[in-house]
Amino acid sequence: MFSKALSSARRSRKSQEAEASRAELLRTLVQQAEQGQAAALRASLQSICPDTHPDAVDWADAHGFTLLMHACTEGHAAVVALLLSAGATADACNPQRETALHLAS
């Protein structure tokens with residue numbers, strides 16, 4: 001019984017650590033997209049393991065904004081081109097039903 005509880009606690013802690021790691025990575029990606037740091041963003045996206053995070057280019061923050069939406073909002077054309085070439089979903093909607101194109105205009 002004790003070993004099952006311990007095993008469950010370990011899985012829970014690993015899950016929490018993975019989620020915290022993902023959140024930190026997302027903050028970094030958003031910051032790079034917002035600041036127009038195309039080279040840094042490219043390196044960050046390339047460093048992400050595609051097996052564990054195949055959809056990283058389409059991750060959304062707590063407000064439902066994707067990296068592409070952040071780049072479009074700030075007008076960073078090089079970052080937008082990079083994200084689109086990396087497979088970002090152009091027609092993803094945030095909770096206000098806005099796409100990256102809406103935000104770019």
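This report walks through a predicted model, looking at a loop glycine, a set of packed helices and the aromatic rings.

## A glycine in a loop

Let us start with G36, which is found in the loop that links α1 (2-34) and α2 (38-47). Is G36 buried or exposed? Its relative accessibility is 30%, and because buried means under 20% and exposed means over 50%, G36 counts as partly exposed.

Which residues does G36 touch, leaving aside those up to four places away in sequence? They are H76 and V79. Another residue to look for from here is C72: it lies 36 residues from G36 along the chain, and the C-alpha atoms of the two are separated by 10.0 Å.

## How α2 meets α4

V79 also belongs to the next part of the picture, as one of the residues of α4 that make the contact with α2. Helix α4 covers residues 77-85, and its axis comes within 9 Å of the axis of α2. The two axes cross at roughly 20°. Angles under 35 degrees count as roughly parallel, so α2 is roughly parallel to α4. The crossing of this pair is right-handed.

If you would like to trace the contact yourself, look on the α2 side for A38, L41, R42 and L45. On the α4 side, the residues are A78, V79, L82 and L83.

## The covered helix α3

Now turn to α3, made up of residues 67-74. How many of its eight residues are buried? Six are, so this helix is mostly covered. The buried ones are L67, L68, M69, H70, A71 and C72. Just after the helix comes G75, with a positive phi of about 75°.

Helix α3 packs against α4 as well, with the axes 8 Å apart and an angle of about 160° between them. Angles over 145 degrees count as roughly antiparallel, which is why α3 and α4 are described that way. Their crossing is left-handed. From α3, the contact is made by L67, L68, A71 and C72; from α4, by V79, V80, L83 and L84. V79 and L83 thus appear here and in the contact with α2.

## Rings and a charge

A pair of aromatic rings is described by the distance of the centres and the angle of the planes. How many aromatic pairs does this model have? The count is zero.

There is still a ring to look at, though. The charged end of R22 sits over the ring of W59, at 4.2 Å from the ring's centre.

Definitions and conventions. Residues numbered from 1 in each chain as written. Predicted model: local features only at pLDDT ≥ 70, side-chain atom pairs only at ≥ 80, totals over all residues. Heavy atoms only, no water. Helix = DSSP H or I, 4+ residues; strand = E, 2+ residues; numbered from the N terminus. Buried < 20%, exposed > 50% of the residue type's maximum accessible area, 1.4 Å probe, protein only. Contact = heavy atoms within 4.5 Å. Phe/Tyr/Trp six-rings, centres within 6.5 Å; stacked < 30°, edge-to-face > 60°. Lys NZ or Arg CZ within 6 Å of the ring centre and 35° of its normal. Axes fitted to C-alpha atoms, helices over the stretch in contact; angles between N-to-C directions. Parallel < 35°, antiparallel > 145°, perpendicular 65-115°, else oblique. Left-handed = near helix turned anticlockwise from the far one by under 90°.
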